[in-house]
Amino acid sequence: MKQLLQLYDKYKSVIAYLFFGGLTTLVNLVVFFVTASMWHWNYQIGTAVAWFVSVLFAYLTNRVWVFHSHFTTFGALGREIVTFFSVRAVTLIMDEGIMWIGVSLLSQNEMLTKLVDQVVVVLANYFFSKWFVFRKTKAASSMND
């Protein structure tokens, strides 16, 4: 049992990211389904709307429960938000590109393409968040220790 707790402690941020990443993916898929399939919007517009809603959800959950970010100034918080959305904009480009290839070029089902697309996007988002947005600085690490 002790080894299991040690493993959990070692990988808890990855486990939390996978859990909230799964919820973020669900938010993305539901919003995409509603906009593209129920409201019959163009799949590229549905992808962009789903991206925005899911990135907002991801920022809030990642900030609090995955990366435990604690800023004391509005300026620092603002920089974190801008960095998060800017980094995620890279995956919006990936998202739109995969959807375009799958739907427009290969004539695949929109929802099936979106599912495949989300696997790539979730992995990219984790590494971008870890490396660029919520990275621990030496000053922040020593304050949290």
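# Questions on a five-helix chain

Reader: Where does Ser107 lie?
Author: This is a predicted model. In it, Ser107 falls outside the helices named on either side of it, in the loop between α3 and α4.

Reader: Is Ser107 buried or exposed?
Author: Exposed means over 50% relative accessible area. Ser107 has 61% relative accessibility, so it counts as exposed.

Reader: What is the phi of Ser107 near?
Author: Most residues other than glycine have a negative phi. Ser107 is not a glycine, yet its phi is positive. The value is near 55 degrees.

Reader: Which loop holds His40, and what is its phi?
Author: His40 sits in the loop between α1 and α2. With 64% relative accessibility, His40 counts as exposed. His40 is not a glycine either, but its phi is positive. That phi is about 60 degrees.

Reader: How many helices and strands are in the chain, and what pattern do they follow?
Author: The chain has five helices and zero strands. Read along the sequence, the pattern is α-α-α-α-α.

Reader: What box do the C-alpha atoms of the chain fill?
Author: The box is taken along the principal axes. Its dimensions are roughly 50 × 45 × 25 Å.

Reader: What percentage of the residues of the chain count as buried?
Author: Buried means under 20% relative accessible area. The chain has 145 residues. The buried part of them is 35%.

Reader: Which residue meets Arg63 in a salt bridge?
Author: Side chains of opposite charge can pair when their charged atoms come close. For Arg63, the N to O distance in the salt bridge is 2.8 Å. This pair links distant parts of the chain, 17 residues apart, with Arg63 in helix α2 and its partner in helix α3. The partner is Glu80.

Reader: Are Arg63 and Glu80 buried or exposed?
Author: The cut-off for buried is under 20%. Arg63 has a relative accessible area of 16%, and Glu80 has 4%. Therefore both residues are buried.

Reader: Which residue of helix α3 pairs with Lys114?
Author: The side chains meet in a salt bridge, at 3.0 Å from N to O. The pair links distant parts of the chain: Lys114 is in helix α4, 19 residues away from its partner in helix α3. That partner is Asp95.

Reader: Which residues are linked with Lys114 in a network of salt bridges?
Author: One link is the bridge from Lys114 to Asp95. Lys114 also bridges a residue three residues away in helix α4, about one turn of the helix. In that bridge, the closest N and O atoms are 3.6 Å apart. The network joins Lys114 with Asp95 and Asp117.

Reader: Are the residues of this network, Asp95, Lys114 and Asp117, buried or exposed?
Author: Asp95 has a relative accessible area of 1%. Lys114 comes to 0%, and Asp117 comes to 0% as well. Under 20% means buried, so Asp95, Lys114 and Asp117 are buried.

Reader: How many salt bridges does the structure hold?
Author: Among them are Arg63 with Glu80, Lys114 with Asp95, and Asp117 with Lys114. The total is four.

Reader: How much space lies in the largest cavity?
Author: Rolling a probe the size of a water molecule over the atoms shows where empty space is left. The count comes to one cavity of 30 Å³ or more. The space in the largest cavity is about 120 Å³.

Reader: Which lining residues are closest to the centre of the largest cavity?
Author: The lining holds six nonpolar, nine polar and two charged residues. Helices α1, α2, α3 and α4 each supply at least two of the lining residues. The largest cavity has a volume of about 120 Å³. Of its 17 lining residues, the closest to the centre are Thr24, Ser54, Arg88, Val121 and Asn125.

Reader: How far apart are the C-alpha atoms of Tyr43 and Val103?
Author: Tyr43 lies in helix α2. It is buried, with a relative accessible area of 8%. Val103 is 60 residues away along the chain. Their C-alpha atoms are separated by 8.6 Å.

Reader: What accessible area does the nonpolar patch on the surface have?
Author: The patch includes Met1, Tyr8, Tyr11 and Val14. Val14 is found in helix α1 and is partly exposed, at 30% relative accessible area. Together, the residues of the patch have about 950 Å².

Methods:
Residues are numbered from 1 along each chain as its sequence is written. This is a predicted model: local features need pLDDT of at least 70, side-chain atom pairs count only at pLDDT 80 or more; totals for chains, interfaces and linings use all residues. Side-chain values use heavy atoms; hydrogens and water are left out. Patches are made of residues with over 30% relative accessible area and no salt bridge: like charges are joined within 9 Å, nonpolar side chains (Val, Leu, Ile, Met, Phe, Trp, Tyr) within 5 Å. Accessible areas come from the Shrake-Rupley method with a 1.4 Å probe; for residues, only the protein chains shown count as cover. Helices (H or I, at least four residues) and strands (E, at least two) are DSSP runs, numbered from the N terminus. Buried means under 20% relative accessible area, exposed over 50%, partly exposed in between (1.4 Å probe, protein chains only). On a 1 Å grid over the protein atoms alone, a cavity is a set of points where a 1.4 Å probe fits but cannot get out, and a pocket is an open set with protein on both sides within 12 Å along at least five of seven lines; lining residues have an atom within 4 Å of a point. Grid points are joined across faces, edges and corners, and a volume is the space filled by probe spheres set on the points. Ala, Val, Leu, Ile, Met, Phe, Trp, Tyr, Cys and Pro count as nonpolar, Asp, Glu, Lys and Arg as charged, and the others, Gly among them, as polar.
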